[in-house]
2 protein chains.
Amino acid sequence: MDFELRILGSSSATPLANRHHTAQVLTIGNQLHLIDCGEGTQMQLMQYKIKHQRICNIYISHLHGDHYFGLAGLLSTMHLQGRLSPLHLFGPPGLSEILSLQFKYSGTNLSYKLIFHELDTGCYKKIYEDKQITVHTIPMEHRVPTCGFIFREKQKPRPLIKERLPSYLTPPQLVRLKWGEDIMDEQGNLLLANKEVTLEPKRSRSYAYCSDSKYKPDLLPYLRHVDLLYHEATFTHDLAERASQTFHSTTKQAAQMAASAEVKQLLLGHFSARYKDLTPLLNEAREVFPRTELAIEGSIFSVQERLPEL
Amino acid sequence: MDFELRILGSSSATPLANRHHTAQVLTIGNQLHLIDCGEGTQMQLMQYKIKHQRICNIYISHLHGDHYFGLAGLLSTMHLQGRLSPLHLFGPPGLSEILSLQFKYSGTNLSYKLIFHELDTGCYKKIYEDKQITVHTIPMEHRVPTCGFIFREKQKPRPLIKERLPSYLTPPQLVRLKWGEDIMDEQGNLLLANKEVTLEPKRSRSYAYCSDSKYKPDLLPYLRHVDLLYHEATFTHDLAERASQTFHSTTKQAAQMAASAEVKQLLLGHFSARYKDLTPLLNEAREVFPRTELAIEGSIFSVQERLPEL
């Protein structure tokens, strides 16, 4: 199953000609999750041939324009192209009010059901769950109410080693084995140890999206051991004071979070327009956390569903 | 003095990868007038190296998203880049309410004065005037309140033929000559005929922007003899019924307006996404009005300030 992040925009508030406002698409299996939706997101989706009709959920981290000014346009285009399947929209208080006002004046009556979930940006909370994943908010510290999001695959079933399975096993017992249980007899004695007939399950992958925020080490418990951590890095570390004043982070702070949380890979984004060349930001972060990459337009980060070695 | 139109977007509601939502920049002298502001306009301005700080007035024709979803982003970027000079914004009722709500939730307190002029889209009315130009609304017929705009240079002074000027003329008399008056003596008798000492003035150029509308021949009196007429042409004429249902126009209808109004040049835009190749739309219009061009991204239309032949 795919677990793949595509970056559509890497710019902070002021865009450049080749640097777009924040938006990312996380593909998990057949489901597309759109995270933030800066101006021009629908054009960027076209650019990378991503079908917006496949997006099931949209998550807006906060109401600064560079994170959501493309939303009304994308929702309108979905409508104009006859979308029928419901769309879940997660966002801070105010977002629904803004969209409602825009659609009122445009006389738009959406062709599909838009289900708005108002977020409490100040806490860690499960906001979405399906058979495969959960999504939680994580509280950021920015100039307006802001949260990040953690996407986690649920625990996966243990593959059965068919040639070792005794023939007496019933279908319910097979299911229990897949989920890690031993098989006991009626007296409660061990009949069949799980580890004798199952393999380790596939990995449950995770992605943490830390939107605009000042350096906030109390997030660490939430981020621990995630596969991918996106963390904003608006400034190089010489501008740490400016970062703090504007409630943003530096390269080194992002890298420090990644190192302390022992994540597998760090992605940097939300770059100030002052940096035409991003190499210094990357280098600065890699000094602290070597497994760092730039989350620039078009880049793809896949997490493999590797089976552990037998 | 420049009188030049630059096209930033030619798409109707659904954009294509290379076709942007409606926005145009009309340069008159040193003043830049932005007409409509679809999503991505600030990126298109960068693409064509047009400095948004030079924009003095913005005109929004109606509140369908493809005509204004780039506005909040552009206004935000002007703010973030420290604009100080006031900006005049002309738009339909509701626009100010939408922007105020967006800026409330983003905590934005603009660095410059945004002066909002609410338009009565249902009438022909002067909405702006300075030393050089006037701007009038023209009423469109669309699904929501919509107007077009006519930009006209004011009458220009008549050049004086210096070698023919009698030496007795006073400065006030020279000014009167420039503005076409004859010089009379105290008894009211002709002393000097204007045409003896002046040339024809430079042309006063004009541009009419007809935004989304069904075919509306009662606009003709406003459009007569304009230099440039932009008219939406969402559909080819075989889809005239679809055009009428959606309150849009066809190529032939746009061309018929141009022919009846005897304009100098017709520009077609606002193309449906169904047309990947726009040649058929152009050809169809040219059958009715040969001086037709496609108003596609990046194209420039200049009107010359020619002196008439001596």
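Visitor: Which hand does the crossing of α3(A) and α3(B) have, left or right?

Guide: In this predicted model, where local features need pLDDT of at least 70, side-chain atom pairs count only at pLDDT 80 or more, and totals for chains, interfaces and linings use all residues, the crossing of α3(A) and α3(B) is left-handed, the near helix being turned anticlockwise from the far one by less than a right angle. Residues are numbered from 1 along each chain as its sequence is written, chains are lettered from A and ligands numbered from 1 in the order written, and side-chain values use heavy atoms, without hydrogens and water.

Visitor: How is such a pair of helices described?

Guide: Two packed helices are described by the angle between their axes and the distance between the axes. Here helix α3 of chain A and helix α3 of chain B, residues 95-106 in each, pack at about 170° with axes 10 Å apart, and they are therefore roughly antiparallel (an angle over 145 degrees). The contact (heavy atoms within 4.5 Å) involves Glu97, Ile98, Leu101, Gln102 and Tyr105 of both chain A and chain B, and its residues divide into 6 nonpolar, 2 polar and 2 charged.

Visitor: Which residues of helix α9 of chain A are buried?

Guide: An α-helix has 3.6 residues a turn, so residues three or four places apart point the same way. In α9(A), residues 279-288, the buried residues (under 20% relative accessible area, 1.4 Å probe, protein chains only) are Leu281(A), Leu282(A), Glu284(A) and Ala285(A). Because these residues cover an arc of only 165° around the axis, they lie on the same side of α9(A), and what covers them includes α8 (251-261), β14 (265-269) and β15 (292-294) of chain A.

Key. Axes are lines fitted to C-alpha atoms, for helices over the stretch in contact, and angles run from 0 to 180 degrees between N-to-C directions. Helices (H or I, at least four residues) and strands (E, at least two) are DSSP runs, numbered from the N terminus. Angles under 35 degrees count as roughly parallel, over 145 as roughly antiparallel, 65 to 115 as roughly perpendicular and the rest as oblique. Ala, Val, Leu, Ile, Met, Phe, Trp, Tyr, Cys and Pro count as nonpolar, Asp, Glu, Lys and Arg as charged, and the others, Gly among them, as polar. Buried means under 20% relative accessible area, exposed over 50%, partly exposed in between (1.4 Å probe, protein chains only). The arc is that of the directions from the helix axis to the C-beta atoms.
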